[in-house]
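Let's work through some short exercises together. Have the structure open and try each task before you read its solution.

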Amino acid sequence: MVKYDHTQIEPAWQARWLARQTPITEDGDRAGKYYCLVMFPYPSGRIHMGHVRNYTIGDVIARSHRLRGRHVLHPMGWDAFGLPAENAAIEQGVHPASWTMHNISYMKQQLQRLGISYDWKREVTTCRPDYYHWNQWFFLKMYERDLAYRKRSAVNWCPKCRTVLANEQVIDGACWRCDSPVAQKELEQWFLRITAYAEELLAGCDRLTGWPERVLTMQRNWIGKSEGAEVEFPLQDGSGAITIFTTRPDTLYGATFMSLAPEHPLIERLIQGRPEAAAVRAFAEEARRLDRTARLTGNFEKAGVFTGAHAINPLTRQPIPIWVGNFVLMEYGTGAIMAVPAHDQRDFEFAKKYHIPIRVVIQNADRSLRAETMPEAYTEEAGWMADSGSFTNLSQAAGKTTIINHLVAHALGKRTINYRLRDWGISRQRYWGTPIPIIYCDACGVVPVPEAQLPVVLPRDVPFTGKGGSPLAESAEFLNTTCPRCGGKARRETDTMDTFVDSSWYFLRYTAPRETAQPFRREAADYWMPVDQYIGGIEHAVLHLLYSRFFTKVVRDLGLTSADEPFTNLLTQGMVIKDGAKMSKSKGNVVDPNVLIEKYGADTARLFSLFAAPPEKDLEWDDQAVEGASRFLHRVWRLVTDQTGRVQTAGAPPDPERASPRVQTLQRATHQTIQRVTADLDKSFQFNTAIAALMEFYNTIAQWQASTPDGAQAPAGDADDRAALAEALRALLVLLSPFAPHLTEELWQRLGHTASIFAERWPVADPRWLKDELVTIVLQINGKLRSQLQVPPELDEREIETRALADPKLQPYIEGKTIRKRIYVPGRLLNLVV
C-alpha cells in the first residue's frame, strides 16, 4: 500500500490545476451562472487561520456548484491601498508599493498552497493604475451629477503628526501613533452624496432575503430613517432661532431645556460676552476630544454646561435654558435637540444631575405620573397627552399628527423625514490611496481632471516622515500642474480617496478585469451580476456593504449595469478563537497556516476549518480536532487504495429489487449520504454536518467491505458487491472533493479516471433508496426458518410470496410439494405449510 504523502501530492496537483486553467466566458444560459465571491484581503503579509476558514468556505461552495454543472466565477484580488503600507514606509524605509507587492506575492503563494480554485486570470490589484484609473473616473462621473462635492467639515486632527485621523485611530481622545491629544479641526473635504440614495438603500433591505437579518438590522439602523418634525425654537434675545428635529412632537410641551452639540456653530455667538463663555469653550474642547466611537454608541458619562442663553418653547412660549451636551451629535438631525426629561431617559438623568425642571406631558393609563415621584422617564408610546394646552387628552398617535399640523399652520415648523446616514467623506491626508482627480486654479477655481488625462498616477519620489499631512504635498512634480481650462499655473488635490472606494466596486471589475476603455463591459456585468454568494466578516456589515450597495446603484444609473444590488446572498462567517480570544499577533495565539500545511497538508487545514463549527459561528481552535481531520483523510486514502483493484472494472450496481440484502445495505447508505450532504450544502452551508455524514459513510463502507453479514470474508469476485462498492467509493470521493480537493483528485486518478474529479457531476440520490429501511421477512417452511427476505415495507402479501417462492434457499423444501396453508404476519413472517 502506498502511503499518503501530502508533501508530494498537494504541490503536484496545485501545479496541474494552475497549468490547465481555461478561460471563463459569458456564454450560455445566464440561469446556469454562479458568481461566488469572498471579500478580498488587505495584503498585510501573511494569511491567518481566519483567512483559511473564509477562503475554504468560498472554495467549497464554488467547487460544489461546478460539480453540479453551473458556470462558476470565483475570482480573487487585493484590497491593496491602506495605511499599514504607509506606516511600513515610515518605520522601515520601504516604499509602500514595494511592501505591498511583496506581500501580495507571498500571500498568493499561500492561497495556492491551500488549493483554492480561484480564476487567477481575473486577479485585480487596487493599487495599480489600471484599477484606480476607474476610481477616478467614477469620481468624475459623480462630480458631474453633483454626487461628489467639497465642503468644510470637522475632522480628527493630530497637531503633532499634523494629519487627519479616522475615528478608529482616535483612542481615548489621543492619536494612536503619538498619544497626543486629538483636536477637532475644520478642513475642506470631499464627500460622496450617499444620502441621495438613502430611501432606496433602506427600501432595498426588504428585498435582500438572502442576507442575515442581523446585518440588515444594522444597515437599517445606520441609515436611520426617522419621521417627525423640524421645529423652530426662537432665541430669547430675538437674534434668530435654533432648529431641532424630533420624532416626538407630542412631547413638545415637556421640553424644559435645549442642548447643542459641542461642534455646533451657534455656540460661540450664544456665549459672546457672557460669564459662562470660558467654561463653555473648555467643555466643548474637551467633549470634542472624546473617543468618537464612544460618542456614537453613547458609552460614556453624559455631561453638559449651561451657555447662559435661553430659547423660547414655541408652544408654551416659556424661556428654556440652552446647554451644550457631550452626548449630542452634530452628524444627527441639526446638531441641536429639545430635551424632554419626563419622557426620555437620557434627558431624565441629565435633568436630575443638573437640577433642571421635569414636566410630565404624557400620562399612563391610570394617569398617575408625577414629576417629583418618577423614578425614571416614562417612554412608552401608549398614553395620553397631558398639560399640553388644547392638545390635552389626545392619544399620542393623534397628538403627533395634530401638533405637526399646528406647527405647519403657524409657521413654527414642518413635517420632515430625517436620516441618520451622512454623506461619505472620502478625503484622506495620506499617500497610499487613489489621488482625487481635481485641480485648483486661481483663475478657474475647482477644475476636474479631464478624462483623457486619467489616471492621475501616484508619484514614487515622496518622503515618508509621518508628519506634515499628505506626502503628496511634498512632491513638486505631482503638486504643480497646469489648468486644463486656461492653461495657467495650478495645483493638484493632494488628498487621496478613502480605501473603501476601492472595495465598493471591485466585484464589477472581476467581470472584465482586462478592459481598458471602460471600468468593465456592460454585457459581462449583466451576465454575472449580482454576485450569487458573498462571504465575509460581520465587521463589514455596515460600511463596506452599504458603500457597495450605493456604488452599484450609481453605476446602474450611469447605464453600466442593470443590477440594483451587488450581492444576492450573504454569509458572515465567525472568527477563529484560540485560548478564549480571537487569534491575533498581539495576543500571541496565532497559528501559522504554513506550519499546519507542512505538518498535515492543506486538505487537513481545510477540513478542520469547516468541521469544527458551523460557518456563521466562531471556531475554537483544537489541536486534537486537527489530528482527527488528518486521521480521517488517511483512512479514506487507505480504504480507496486498498480496494482499487476490486472496483476499477466494476459494472453498474443492481436495482433495489434484485440486490442482495448485503448489497442493499451499502447502496442505501450511499444514496442516503448523497441526500444528506447535498441537503447540508444547500441548507445554510452546514459544512460540519456534511463532513460528519461523510465520516459516517466511510465507517459504513469500511465495515461493509471487511466482512459478510455472518462475519466471513467478503467474496472478491461477486459482481454486485464490486459494483456497489465502486458506486460507494465514487460517491465518497466526489462528495468529499470540495473539502479535500488534493486527496480526492489523486484517488480519482488511481481509480482509473483520466479526467479531473471536478469534471465529474455531483451524484444524485436515487429516490428508491431513500424510502424507509427495508424490512426483514422471515421465511419458514412448516414452522422452521429456511431463509429471509429484505423488502420495502409497503410490499403486499402476494408480492412477498412471489419473491419467497423464487428464493433459491427455499427450492429444496418446496419443489414437488403442494402448499397447503399460508401464514403471514405483516412486516415480520411468512410460513408456508407444505
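**Exercise 1.** Is tryptophan 120 buried or exposed?

*Solution.* Start with the cut-offs: buried means under 20% relative accessible area, exposed over 50%, and partly exposed in between (1.4 Å probe, protein chains only). Tryptophan 120 has a relative accessible area of 9%, so this residue is buried. Next, tyrosine 118 has a value of 2% and is therefore buried.

Before going on, please note that this is a predicted model: local features need pLDDT of at least 70, side-chain atom pairs count only at pLDDT 80 or more, and totals for chains, interfaces and linings use all residues. Residues are numbered from 1 along each chain as its sequence is written, and side-chain values use heavy atoms, with hydrogens and water left out.

**Exercise 2.** Describe the ring pair of tyrosine 35 and tryptophan 528, then place it in the chain.

*Solution.* Rings of Phe, Tyr and Trp (its six-membered ring) pair if their centres lie within 6.5 Å; planes under 30 degrees apart are stacked, over 60 edge-to-face, and the rest tilted. The structure holds 40 such aromatic pairs. For tyrosine 35 and tryptophan 528, the centres are 6.4 Å apart and the planes make 70 degrees, an edge-to-face pair. Now locate the partners: tyrosine 35 is in strand β1 (residues 33-38) and tryptophan 528 in helix α15 (residues 522-528), 493 residues apart. Helices (H or I, at least four residues) and strands (E, at least two) are DSSP runs, numbered from the N terminus. Finally, both tyrosine 35 and tryptophan 528 are buried.

For practice, compare tyrosine 118 and tryptophan 120: they are also edge-to-face, at 5.5 Å centre to centre and 85 degrees between the planes.

**Exercise 3.** Which ring does the charged end of arginine 420 sit over?

*Solution.* The test is that NZ of Lys or CZ of Arg is within 6 Å of the ring centre and within 35 degrees of the ring normal. The charged end of arginine 420 sits over tryptophan 222, 4.7 Å from the ring centre. Likewise, arginine 46 lies over the face of tyrosine 106, at 3.8 Å from the ring centre.

**Exercise 4.** How far can you trust the coordinates?

*Solution.* First, look at pLDDT, the predictor's confidence in each residue, from 0 to 100. The protein averages 91, and 96% of the residues score at least 70. Over residues 710-717, however, the pLDDT is below 50. Where pLDDT is low, the predicted coordinates should not be read in detail.

Note on methods
Contact means heavy atoms within 4.5 Å.
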